[in-house]
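Q: I would like to learn how to read burial, strand pairing and pockets from a set of coordinates. Could we work through one structure together?

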Amino acid sequence: MGISEIDWSKVKRILVVKLRSIGDTVLATPSLIALRRFVPDAQIDILLEAWVAPLLQGHDAIDNVISVGKRTSARLKTALDLWGSDYDVAFNLHGGTTATFFTAASRAKHRVGFASYQYPFLYNHLLLSASDFWQTEFTHSAEQQLALLGFVGVPVEDRPKSRLRVRAEMEEDTELLLHNYGVDEERIALVHPASAFKTKQWAPENFAKTIDYLWSQGIFSLVVTAPNERSIIEEINSLTKTMFHGFWDLTLPQLTSLAKRAEIFVGNDSGIAHIAAAVGTPSVVVFGSSNRNHWRPWTDAPNEIVFREFACQPCPGYECKEFGEPRCIQTVPHDSVFSALKRLLS
């Protein structure tokens with residue numbers, strides 16, 4: 001594995017481009033941490049999609065969060081702003097066309113990406129693959145991003161874990177929020193029963209049984225979804241034998257604070273699971289179609305993943321082409337989740 005040379009003593013301004021979802025954003029934090037400790041006096045900015053940008057506001061590894069909207073006019077304005085920002089290094093941690101457009105727009109002297117990205121001629125530091133860097137067959141999403149840094153000389157051998165910051169005032173707001181909704185239990189679990197794809201979504205009846213199990217252990221469950229997923233909370237409510245409280249309108253900082261407040265997290269493979277991992281909350285994550293090596297919690301906190309193994313895993317997840325119905329997630333038994341919870345709670 002060769003190293004592409006950058007004279008880091010001359011680097012004053014760094015741009016990290018990371019578009020896409022909650023989980024992708026959380027799993028960029030190990031790279032931000034590695035950069036900050038290597039060049040503590042440099043300005044480190046990250047470009048995120050506007051809806052997810054609040055997740056990293058105030059993070060101690062970055063100086064500025066640059067948010068970009070979905071409209072073409074907003075993206076052109078951001079590109080023009082980047083054009084005159086005088087960055088020394090720009091990392092594209094995700095290889096989409098839009099991210100490449102912003103990386104090029106930065107006009108950074110050093111533009112770092114993977115050789116597999118579209119329009120590779122717009123970069124002058126190209127890594128063949130993360131597997132090539134780490135000399136291993138399987139790599140985690142966080143390791144893929146760290147590989148780009150290591151390729152240009154940033155020390156990453158210890159593979160920093162994901163980390164999110166919760167401000168003290170947000171913790172106080174969370175306690176007030178819970179109190180206002182009549183949630184006064186000291187021991188709480190954060191439960192996330194939703195997912196982007198049916199192939200990653202454990203059945204509501206299984207989550208209902210899990211909430212009942214947690215109640216039997218003296219733990220009150222807080223169930224969180226997005227507003228358009230509120231029906232999942234309502235379905236679980238019709239199936240549980242015990243009480244819980246559902247939230248479908250929390251901000252990302254509120255979710256992060258709630259995850260830190262929780263004694264344990266249980267849910268599908270999702271961005272919320274990565275938030276819980278990044279604040280150090282023990283977690284049980286149910287996997288279906290997605291790549292467990294690539295998307296498992298990236299944390300030092302206690303965690304377990306629960307799954308049923310199928311030869312067709314992993315798959316893109318948009319639909320189940322093998323069975324018609326996603327057996328990989330449907331056949332994960334609730335007893336396996338209970339066992340994992342018991343181990344972590346003990």
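A: Gladly, and let us keep in mind throughout that this is a predicted model. We can begin with a single side chain, lysine 198, which touches Pro326 and Ile329 when residues up to four places away in sequence are not counted.

Q: Where is lysine 198 found with respect to the strands and helices, and is lysine 198 buried or exposed?

A: Lysine 198 is found in the loop between strand E7 (188-192) and helix H8 (204-216). A residue counts as exposed over 50% relative accessible area, and lysine 198 is therefore exposed, because its value is 63%.

Q: How do I read burial for a whole strand, such as E5?

A: One asks how each residue stands and which way it points. In strand E5 (residues 110-114) five of five residues are buried; His110, Val112 and Phe114 point one way, while Arg111 and Gly113 point the other way. Between the C-alpha atoms of valine 112 and lysine 198, 86 residues apart along the chain, the separation is 35 Å.

Q: Which strands pair with E5, and in what sense?

A: Strand E4 (residues 89-92) pairs with E5 in the parallel sense over three bridges, with alanine 90 opposite arginine 111. Strand E6 (residues 125-127) also runs parallel to E5, joined by three bridges, and here phenylalanine 114 stands opposite leucine 127. Together with helix H4 (residues 97-105), E4 and E5 make a right-handed β-α-β unit.

Q: What can be said of the second largest pocket and its lining?

A: The second largest pocket holds about 210 Å³ of space. It is lined by 18 residues, and Cys315, Gly317, Glu319, Cys320 and Lys321 are the closest to its centre. The lining divides into ten nonpolar, four polar and four charged residues.

Note on methods. Residues are numbered from 1 along each chain as its sequence is written. This is a predicted model: local features need pLDDT of at least 70, side-chain atom pairs count only at pLDDT 80 or more; totals for chains, interfaces and linings use all residues. Side-chain values use heavy atoms; hydrogens and water are left out. Helices (H or I, at least four residues) and strands (E, at least two) are DSSP runs, numbered from the N terminus. Buried means under 20% relative accessible area, exposed over 50%, partly exposed in between (1.4 Å probe, protein chains only). Contact means heavy atoms within 4.5 Å. On a 1 Å grid over the protein atoms alone, a cavity is a set of points where a 1.4 Å probe fits but cannot get out, and a pocket is an open set with protein on both sides within 12 Å along at least five of seven lines; lining residues have an atom within 4 Å of a point. Grid points are joined across faces, edges and corners, and a volume is the space filled by probe spheres set on the points. Ala, Val, Leu, Ile, Met, Phe, Trp, Tyr, Cys and Pro count as nonpolar, Asp, Glu, Lys and Arg as charged, and the others, Gly among them, as polar. Two strands pair if DSSP finds at least two bridges between them. A crossover is right-handed if, with the strands pointing away from the viewer, the path from the first strand over the helix to the second runs clockwise.
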